[in-house]
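Colleague: Could you take a close look at the pockets in this model for me, and tell me what lines them?

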Amino acid sequence: MIKVLFFGQLKDQVQTGSIEVAQSVEDVANLKKTLVLYHPQWSEYLSADSTLVAVNQTIGNENTLLTDGDEVAFFPPVTGG
Amino acid sequence: MSDVIAVQTEDFDHSALYNALRQDSLSNGAIVTFSGLVRDFNQGLAVGDLFLEHYPAMTQISLQQIVAQARARWGLGKIILIHRVGHLAQGDQIVFVGVTSMHRKAAFEGAQFIMDYLKTEAPFWKKESTELGDKWVQANVSDTTARQRWTGDE
């Protein structure tokens, strides 16, 4: 099971803060494909160049490998400070 | 010399933090502090209140990494970094960074480095209530450029 979180504007766009993905996915690219399979309307947001990903609270990328129990967060560029 | 890194909803007291920095070693003769406040105007729109969201599990880790990088690069003395989250109003304090060092150059650069990295890497997002309704703040290219000067890949 992978726990998926959304933050900032992306959370509004996908209209949820978190979901769980039960099937096993190999990497972040694979996870995105799986999410879009169930939520086709998320495609444009998840595939946007500006969308960032963190795996277990560390910035990752499309090729970051995933294992059961990982926490994956998608979010737009940060705007703190 | 123990650093303070905090993410909190409460306000902070600038003079108390400055005094904490002064308590650092007497070998450190330089203190630089920066405070960021909520403006009344941003990206072309009048702004009322602000809501600051963050990714709690990642925020502390991210700030610790930024502070560790600054220390490794400039050998700073004490570092205090505080960032507020939740609802903030015009003029409220958002962020504080304070560093001590032996000489001013390291203190100036270290503080600037921490802010530049915080603005581009720490997982905070601002939502403003503007004259046209609530609006997520968009990232500034100038912030990325500011960070890139520290790595030379401009």
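Modeller: What follows describes the two pockets and then the chain that contributes to both linings.

This is a predicted model, in which local features need pLDDT of at least 70 and side-chain atom pairs count only at pLDDT 80 or more, while totals for chains, interfaces and linings use all residues. Residues are numbered from 1 along each chain as its sequence is written, chains are lettered from A in the order in which they are written, and side-chain values use heavy atoms, with hydrogens and water left out.

The largest pocket has a volume of about 390 Å³. A pocket here is found on a 1 Å grid over the protein atoms alone, as an open set of points where a 1.4 Å probe fits, with protein on both sides within 12 Å along at least five of seven lines, and its lining residues have an atom within 4 Å of a point; the volume is the space filled by probe spheres set on the points, which are joined across faces, edges and corners. Its lining comprises 23 residues, and those nearest the centre are Gly81(A), Arg39(B), Asn42(B), Lys119(B) and Lys126(B). Two or more lining residues come from each of β2 (30-37), β4 (45-54), α3 (104-121) and β8 (124-130) of chain B, where helices (H or I, at least four residues) and strands (E, at least two) are DSSP runs numbered from the N terminus. The largest share, three residues, belongs to β2(B). By class, this lining has ten nonpolar, eight polar and five charged residues, with Ala, Val, Leu, Ile, Met, Phe, Trp, Tyr, Cys and Pro counted as nonpolar, Asp, Glu, Lys and Arg as charged, and the others, Gly among them, as polar.

The second largest pocket holds about 230 Å³ of space. Of its 16 lining residues, Gln9(A), Ser50(A), Pro76(A), Pro77(A) and Gln138(B) are the closest to its centre. Here α1 (8-14) of chain A and β8 of chain B each supply at least two residues, and the largest share, three residues, comes from α1(A). The classes in this lining are nine nonpolar, six polar and one charged.

As for chain B itself, its secondary structure comes to four helices and nine strands, which run β-α-β-β-β-α-β-β-β-α-β-β-α from the N terminus on. Of its 154 residues, 47% count as buried, that is, under 20% relative accessible area with a 1.4 Å probe, protein chains only. The C-alpha atoms of chain B fill a box of roughly 50 × 40 × 30 Å along the principal axes.

Methods: Buried < 20%, exposed > 50% of the residue type's maximum accessible area, 1.4 Å probe, protein only.
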